[in-house]
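Q: Please take a close look at one part of this model, namely the pairing of oppositely charged side chains. Then set that part in its wider context.

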2 protein chains.
Amino acid sequence: MASFSGYNPQSHSPSPSAPPMPNPQAPSSSQPHYSQPPHWHGSSYGHSSFPPGTHPDVIRSFQMVDRDRSGYIDEIELQQALSSGYQRFSLRTIRLLMFLFKNPSSPLGIGPNEFAALWSCLGQWRAIFERFDRDRSGKIDSMELKDALYSLGYAVPPSVLQVLISKYDDRSGRRVELNFDSFVECGMIVKGLTEKFKEKDPRYTGSATLTYDAFLSMIIPFLVA
Amino acid sequence: MASFSGYNPQSHSPSPSAPPMPNPQAPSSSQPHYSQPPHWHGSSYGHSSFPPGTHPDVIRSFQMVDRDRSGYIDEIELQQALSSGYQRFSLRTIRLLMFLFKNPSSPLGIGPNEFAALWSCLGQWRAIFERFDRDRSGKIDSMELKDALYSLGYAVPPSVLQVLISKYDDRSGRRVELNFDSFVECGMIVKGLTEKFKEKDPRYTGSATLTYDAFLSMIIPFLVA
């Protein structure tokens, strides 16, 4: 049985959802050579702006798809924007990312701030994925997924992981393996549900009392994504 | 706030998940003219059999797609089998039905018993759908969905229903309406999650205490379906 207090033993971060480690591939605001000249961010761009130190590639990826310069991008534009830095994610994964990273008070879509946070999170996850894809096949199996999620701070029960990974079983009889797209989808489901649970268990006791209404409200957005 | 005790005021059934009312369209074991000759059911057919009184159409629909006479059908076969009595459901709805009606101890698929139960449940839901589709448009809106779910025994909070129905918003700006396929998907999500919750709240207090592991285990199968 996983307990909340024993959640994150391998990570350097204080909580399961905090960024676990700097990513060698992805831009980071702590890297001084990525600091931006003033015109890269500021209130001149739409209603929102990029955080200081955002990598020019991130801003370029966003601006390339935000053709009407509204400062917000929708799911199709997000899919295009991420293609330039990562790969073409499935629309299912994109919807989940939209749901988890979108600011609830901005119904228009993903803004610069959220896009920068998402890009950086994906960078960290890419680094973890590559660390556990030891044979460089571009895929990880269920044991490696368990270890990868663990290093991201999520101790997922093996039985749950089994159900989760069965989603990607193509019924060929071969062992199920996940590419980066599926890894992100799996991981974001775990991350999102864990964060919802933590809201109801602020002291990390490992259990939470939920009303029927709260239970439905927590889950249904994930089914809709 | 919905409470469990006040769940099912319009229904004749003792609990939210019990069949709410006999369906005028669908076959029912209480209708004597549907009783089967002995060769319709029995151990001669696969490893399982149809319950006594199963309508011949139901058995025919099953046998038509179970070409290898294994006594089990997979999701594509289920989609075909249901087409003959209802309509062609989306694969998303079919997967949800498989997950909710499959016997967990039969990994092979849906057997005759489960198929008969599913057919009968869909018959009841069809009758409810038609009752609330007052203008016979083949679609119901969010208010009618609320009333329809209520009459099936589910008092879903309006805010949750709003999120659920947003899944079917085609962003045309028109009011969201659900066809029978989407109604079944919505309803089965609510039915499935409610049953999971009830397992943790056997006295219907309206709230349940869940461990993190139990919480994930309850939800992830719905995401996988």
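**Charged pairs and their setting**

A: R95(B) counts as partly exposed, at 34% relative accessibility (buried is under 20%, exposed over 50% and partly exposed in between, with a 1.4 Å probe and protein chains only). The model is predicted, so local features need pLDDT of at least 70 and side-chain atom pairs pLDDT 80 or more, while totals for chains, interfaces and linings use all residues. Residues are numbered from 1 along each chain, chains are lettered from A and ligands numbered from 1 in the order written, and side-chain values use heavy atoms without hydrogens or water.

E75(B), by contrast, counts as buried at 11% relative accessibility. These two residues form a salt bridge, with 3.1 Å between the closest N and O atoms (a side-chain nitrogen of Lys or Arg within 4 Å of a carboxyl oxygen of Asp or Glu). R95(B) belongs to helix α3 of chain B and E75(B) to helix α2 of chain B, so the pair ties together parts that are 20 residues apart in sequence (helices, H or I with at least four residues, and strands, E with at least two, are DSSP runs numbered from the N terminus). In chain A, salt bridges with shared partners join R92(A), K167(A) and E185(A) into one network.

The setting of E75(B) can be described further. Helix α2 of chain B covers residues 75–83, and its buried residues are E75(B), E77(B), L78(B), Q79(B), A81(B) and L82(B). This buried set packs against α1 (56–65), α3 (91–101) and α4 (112–132) of chain B. At the start of α2(B), the backbone nitrogen of I76(B) has a side-chain oxygen of D74(B) within 3.2 Å.

The network in chain A includes E185(A), a residue of helix α7 (residues 180–200). E185(A) is buried, with a relative accessible area of 4%. Beyond its neighbours within four places in sequence, E185(A) is in contact with R92(A), T93(A), L96(A), K167(A) and Y168(A) (contact means heavy atoms within 4.5 Å). Its side chain also makes a polar contact of 2.9 Å with the side chain of R92(A) (N or O atoms within 3.5 Å, one able to donate a hydrogen and the other to accept it; residues adjacent in sequence count only through side-chain atoms). R95(A) lies 90 residues from E185(A) in sequence, with 9.7 Å between the C-alpha atoms.

Other pairs in chain A join the list. The side chains of R175(A) and D141(A) meet in a salt bridge of 2.6 Å, N to O. R175(A) lies in the loop between α6 and β2 (177–178) of chain A and D141(A) in strand β1 (residues 140–141), so the pair ties together parts that are 34 residues apart in sequence. The partners sit in opposite environments: R175(A) is exposed, with a relative accessible area of 58%, whereas D141(A) is buried, with 13%. E130(A) forms a salt bridge with R126(A), the closest N and O atoms being 3.0 Å apart. Both residues lie in helix α4 (residues 112–132) of chain A, 4 residues apart, or about one turn of the helix. E130(A) counts as partly exposed at 25% relative accessibility.

Over all chains, the structure holds 18 salt bridges. Across the interface of chain A and chain B, however, the rule finds 0 salt bridges. That interface has 9 residue pairs in polar contact, with both residues at pLDDT 80 or more. On the side of chain A that touches chain B, the elements giving two or more residues are α6 (158–166), α7, β3 (207–211) and α8 (212–224). Of these, α8(A) gives the most, with 12 residues.

In total, 37 residues of chain A are in contact with 37 residues of chain B. The area buried between the chains is about 3400 Å², and carbon and sulfur atoms give 74% of it (accessible area, 1.4 Å probe, that the two parts lose on being put together, summed over both). Y212(A), F215(A) and L223(A) supply 22% of the area that chain A buries against chain B, more than any other three residues.

The strands also meet across the interface. β3(A) is joined by 5 bridges to strand β3 (residues 207–211) of chain B, and the two run antiparallel (strands pair if DSSP finds at least two bridges between them). In β3(B), T211(B) is the bridge partner of S207(A). Along β3(A), A208(A) and L210(A) point to one face and are buried, while S207(A), T209(A) and T211(A) point to the other and are not.
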